[in-house]
Amino acid sequence: MKRWIGTVLAACLLALSAVPAAAQGSGLRLAAQQAGARREYGVYVTLDPASARAKDYSYELLEGGSVIASREHVADTACFLPIVNIDAASPGRYTVRVTAYPSGERAGFERAASIQKEFGTAKGCSCATADRFQLGSGTENDPYLVGTLGQLLHVNQHATQKCYYMQTADIQFGDYTSMVDDYGVVKLHSGSTYDGNGHVIRGGSVKVTRTGDNAEVFSLKNGNLLNTGFEDMTFSVNSSGYGAAPVGGHSGTVKRCYAININAVGRNHAGGLINCWGIGAEDCYTAGIKASSTSDSTYGSGGLIGYLGSPGAVSPTVARTYALPAKLSAPKISGIGYIRAGSILNSFYLKGTASYGSLPGNDNTNAAPLELSQFADQSRFEAAGWDFENVWTMGEITYNDASGNAVTAAAPVLRVFAKR
C-alpha cells in the first residue's frame, strides 16, 4: 500500500505559513513589470526549505472554492499565481493549495498529497472613509490599488504624501463643475506616481466656473502618470478660465497614455491629452480630439498638448507621440502643441488638421504631418526610434471625426492596453 508523503507536506506547510509575512501581512505582491507591460497582482509562494523527496509540484489559487490560477506539475520551488480582476474596493479571501508528487523510484511507494492555507487581503490606508484604499501600502512595490471612482478621488487625501497608486479596473468618471481649490479634480503631487496599468477613465466632464482655473482630471505637481487611457470626456472653462485637457499641472511626466474622443474648450489653451506648462510626455497618442481656445494672445490649441514649458522655469520634452485630431479651433493651432520652452521630438500628426506640428517655430520636422494611411507603416516609426519590442505594437484605433462619424485606422497602439 502506498503511503502519504508527509515529510514533503511538512516542508510545504512551513513555506505557506510564511507567505503573508513575505508581503507585509497579505500574501499578495506585484509581479515584475517591463515598461510596456501590465503589472500583475497575486500570490507569491515559496517552498523553503525545499524537500529532497519531491521534485514535482502543482500550485493552485482558489477564491470561493473555485480555482482562479494554477501552475501544474512544475519543479519550481517558487511560484507566482496572479489574481485577475481583483476587486480593489471589496477584496476577498483566498486559499493557496500546494500538491506534492513523489518522484522517481518513490512513485511506486508514496502518494501525492496536498496542503492549503487561507488568507485575507486586508491592508490599505488608515483613513476612516468608505472609499479608502483597501489594498496596498502606497509604496512602489506595494501601491495602493484603485478600483472605483471613489478611490480615484481619495487620492486627494494623500496629496501631501509621496504615494504610488495602481488602477485595477476601468473607471466611469462623473460630471464636475468648478473646483474647491486650484487645478484638477485629482491632485497627483509630492512625487507621487499613478499607474493606470492599462485601464481607462471614461465618460463625464469637468466644467470650471472659477476665475483663473483649469479643467483637468489630473493635476500634476512633481507627479507621474503612467499607462492610463482617457475616452469620451469633455473639459471646459469659462471666459475667465485658462486651459482644458485630461492632464495638466506644474511639473511631472506622462508616459504611455492616450486620449480618444476628447472635447477640450479653453480660453488660453487646450490640448488633447495635456493642458499646459511643466508636463512632459513620452510614448503617448491622441485621436478624435476637438480642442478649441478663444484668446489670440496666448498659445492656442494642440492635438496633444496646449503649450509646453515656461522660459526660465521648466523645459519638458515631448517624444514619440502622435495625434489624429478631429478638429482644432483657435487663432493658433498646432498638430502636437505650442512650445514656450522645451522640445517636441520624433512625433507625428494627421496632415490637414494643422499647418504645422508645433509653434511658434513652424516645425514640421520633429512633429511631422502624415496622411492617415501612413500611420499604418511601422517602419516609419521605427526609423524615428519608437520601441516596438516593449512599448508599441501595430493595431487599430477607432475615433470620431469632426462630424461625429466613426473612423477606424491602422496605427501604433500601446502594448499595455493591447494586452487587455
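Asp170 has a relative accessibility of 28% and counts as partly exposed, where buried means under 20% relative accessible area, exposed over 50% and partly exposed in between (1.4 Å probe, protein chains only). The model is predicted: local features need pLDDT of at least 70 and side-chain atom pairs pLDDT 80 or more, while totals for chains, interfaces and linings use all residues. Residues are numbered from 1 along each chain as its sequence is written, and side-chain values use heavy atoms, without hydrogens and water.

**Exercise 1.** Find the salt-bridge partner of Asp170 and place both residues in the chain.

Solution. Step 1: Asp170 pairs with the side chain of Arg202 at 3.3 Å, N to O; a salt bridge is a side-chain nitrogen of Lys or Arg within 4 Å of a carboxyl oxygen of Asp or Glu. Step 2: Arg202 belongs to strand β15 (residues 193-202) and Asp170 to the loop between β11 (164-167) and β12 (171-172), so the bridge ties together parts 32 residues apart in sequence. Helices (H or I, at least four residues) and strands (E, at least two) are DSSP runs, numbered from the N terminus. Step 3: Arg202, with a relative accessible area of 24%, is partly exposed.

**Exercise 2.** Describe the salt bridge between Arg320 and Asp283, and name the network joined by shared partners.

Solution. Step 1: the closest N and O atoms of Arg320 and Asp283 are 2.9 Å apart. Step 2: this pair links distant parts of the chain, with Arg320 in strand β26 (residues 317-324) and Asp283 in strand β22 (residues 279-287), 37 residues apart. Step 3: Asp283 is buried, at 8% relative accessibility. Step 4: elsewhere, salt bridges that share partners join Asp170, Arg202 and Glu231 into one network.

**Exercise 3.** Give the count of salt bridges, then locate the one formed by Glu118.

Solution. Step 1: the count comes to 7 salt bridges. Step 2: Glu118 bridges to Arg93, with closest N and O atoms 2.9 Å apart. Step 3: Glu118 lies in strand β9 (residues 113-119) and Arg93 in the loop between β6 (78-82) and β7 (94-101), so parts 25 residues apart in sequence are tied together. Step 4: Glu118 is partly exposed at 47% relative accessibility, and Arg93 is partly exposed at 48%.

**Exercise 4.** Determine whether His154 is buried or exposed, and list its contacts.

Solution. Step 1: His154 sits in helix α3 (residues 149-154). Step 2: His154 is buried, at 5% relative accessibility. Step 3: leaving out residues up to four places away in sequence, His154 touches Cys125, Cys127, Thr129, Asp131, Arg132 and Phe133, contact meaning heavy atoms within 4.5 Å.
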